[in-house]
Amino acid sequence: MKKQDMLKKNKEFRYVVSRGKSYQAPTMVLVCAKSRTGIKAGFSVSSKLGNAVVRNRTKRIMRSGFTPLMPYLNDNMWYFFIARRALIGKKSTFCMEEMRSLLKMAGMINEESC
């Protein structure tokens with residue numbers, strides 16, 4: 001995932017949370033909102049879930065799970081994934097399947113193409 005495809009500023013995260021619609025799974029939460037600038041994604045792991053090593057590893061796994069799904073997503077949407085405790089220690093393939101199911105639930109991904 002390229003840096004230009006990521007939500008970086010606090011203002012962008014606040015926009016997605018305030019204007020977006022959320023979808024929940026046992027391992028993570030997806031919040032998605034319409035935008036004008038294409039597809040962007042942000043990832044968050046609370047400090048309650050572990051130390052910095054655990055949080056950074058979890059975000060890395062979430063990014064690697066999201067990257068293969070990007071070509072199948074709707075344009076002009078921002079996505080914000082929030083990790084839950086059940087995601088800690090899982091593999092990127094598991095994370096990708098969870099993201100795919102959340103995106104299908106939200107209607108943001110085409111079922112035939114993915």
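Student: Which residue is the bridge partner of Ser 22 in β2?

Tutor: That's Val 31. Keep in mind that we're looking at a predicted model.

Student: What makes β1 and β2 a strand pair?

Tutor: The rule asks for at least two bridges between them. Strand β1 (residues 21-24) and β2 have 4 bridges, in the antiparallel sense, so they meet the definition of a pair. Another spot to look at is Gln 24, which stands opposite Val 29 in β2. With 3 residues between them, β1 and β2 form a hairpin.

Student: How do you know that β2 pairs with β4 as well?

Tutor: Run the same test: at least two bridges are needed, and 7 bridges join β2 to strand β4 (residues 77-83). That's a pair by the definition, and the two run antiparallel. You can find Ala 33 bridged to Trp 78 in β4, and Val 29 opposite Ile 82 in β4.

Student: What makes β2 "mostly covered"?

Tutor: Buried means under 20% relative accessible area. In strand β2 (residues 28-34), 6 of its 7 residues are buried, hence the phrase "mostly covered".

Student: What is the order of the strands in the sheet, and how do they pair?

Tutor: The order is β1-β2-β4-β3, an open sheet of 4 strands with mixed pairing.

Student: Why are β1 and β3 the edges?

Tutor: Each of them has a single partner strand, so one side of β1 and one side of β3 has no neighbour in the sheet. As for twist, neighbouring strands of this sheet are turned by 20 degrees against each other on average, direction ignored.

Student: What packs on that sheet?

Tutor: Helix α1 (residues 10-19) does, touching β1, β2, β3 and β4, and its direction makes about 95 degrees with that of β2. Then there's α2, which lies across β3 and β4 and runs at about 140 degrees to β4.

Student: How do you know that the span of α2 agrees with what a helix should give?

Tutor: Helix α2 (residues 52-66) has 15 residues, and at 1.5 Å a residue they should span 21 Å. The end C-alpha atoms of α2 are 21 Å apart, so the two values agree.

Student: Which residues of α2 are buried, and why do they lie on the same side of α2?

Tutor: Thr 58, Ile 61, Met 62, Gly 65 and Phe 66 are the buried ones. They cover an arc of only 130 degrees around the axis, which puts them on the same side of α2. Here's the general background: an α-helix has 3.6 residues a turn, so residues three or four places apart point the same way. What covers the buried residues of α2 includes β3 (40-44), β4 and α3 (92-106).

Student: Why does Phe 66 count as buried?

Tutor: The cut-off is under 20% relative accessible area, and Phe 66 has 0% relative accessibility, so Phe 66 counts as buried. Leaving out residues up to four places away in sequence, Phe 66 touches Met 1, Ala 41, Phe 43, Leu 73, Tyr 79, Phe 81, Met 99 and Leu 103.

Student: What does α3 add to the picture?

Tutor: Its buried residues include Cys 95, Met 96, Met 99, Leu 102 and Leu 103. What covers the buried residues of α3 includes β1, β2, β3, α2 and β4. Met 99 is in contact with Met 62, Phe 66 and Phe 81, among others, leaving aside neighbours within four places in sequence. Right after α3 comes Gly 107, with a positive phi near 75 degrees.

Student: How many residues does the largest nonpolar core have, and which have the most contacts inside it?

Tutor: The largest nonpolar core has 29 residues, and those with the most contacts inside it are Leu 30, Met 62, Phe 66, Tyr 79, Phe 81, Met 99 and Leu 103. β2, β3, α2, β4 and α3 are the elements that give two or more residues to this core. The largest share, 6 residues, comes from α3. Apart from this core lies another, of 8 residues, including Phe 13, Val 16, Val 31 and Ala 33. In general, nonpolar side chains tend to be buried together in soluble globular proteins.

Technical notes. Residues are numbered from 1 along each chain as its sequence is written. This is a predicted model: local features need pLDDT of at least 70, side-chain atom pairs count only at pLDDT 80 or more; totals for chains, interfaces and linings use all residues. Side-chain values use heavy atoms; hydrogens and water are left out. Buried means under 20% relative accessible area, exposed over 50%, partly exposed in between (1.4 Å probe, protein chains only). The expected span of a helix is 1.5 Å times one less than its number of residues. The arc is that of the directions from the helix axis to the C-beta atoms. Contact means heavy atoms within 4.5 Å. Axes are lines fitted to C-alpha atoms, for helices over the stretch in contact, and angles run from 0 to 180 degrees between N-to-C directions. A nonpolar core is a set of buried Ala, Val, Leu, Ile, Met, Phe, Trp, Tyr and Cys residues joined through side-chain atoms within 4.5 Å.
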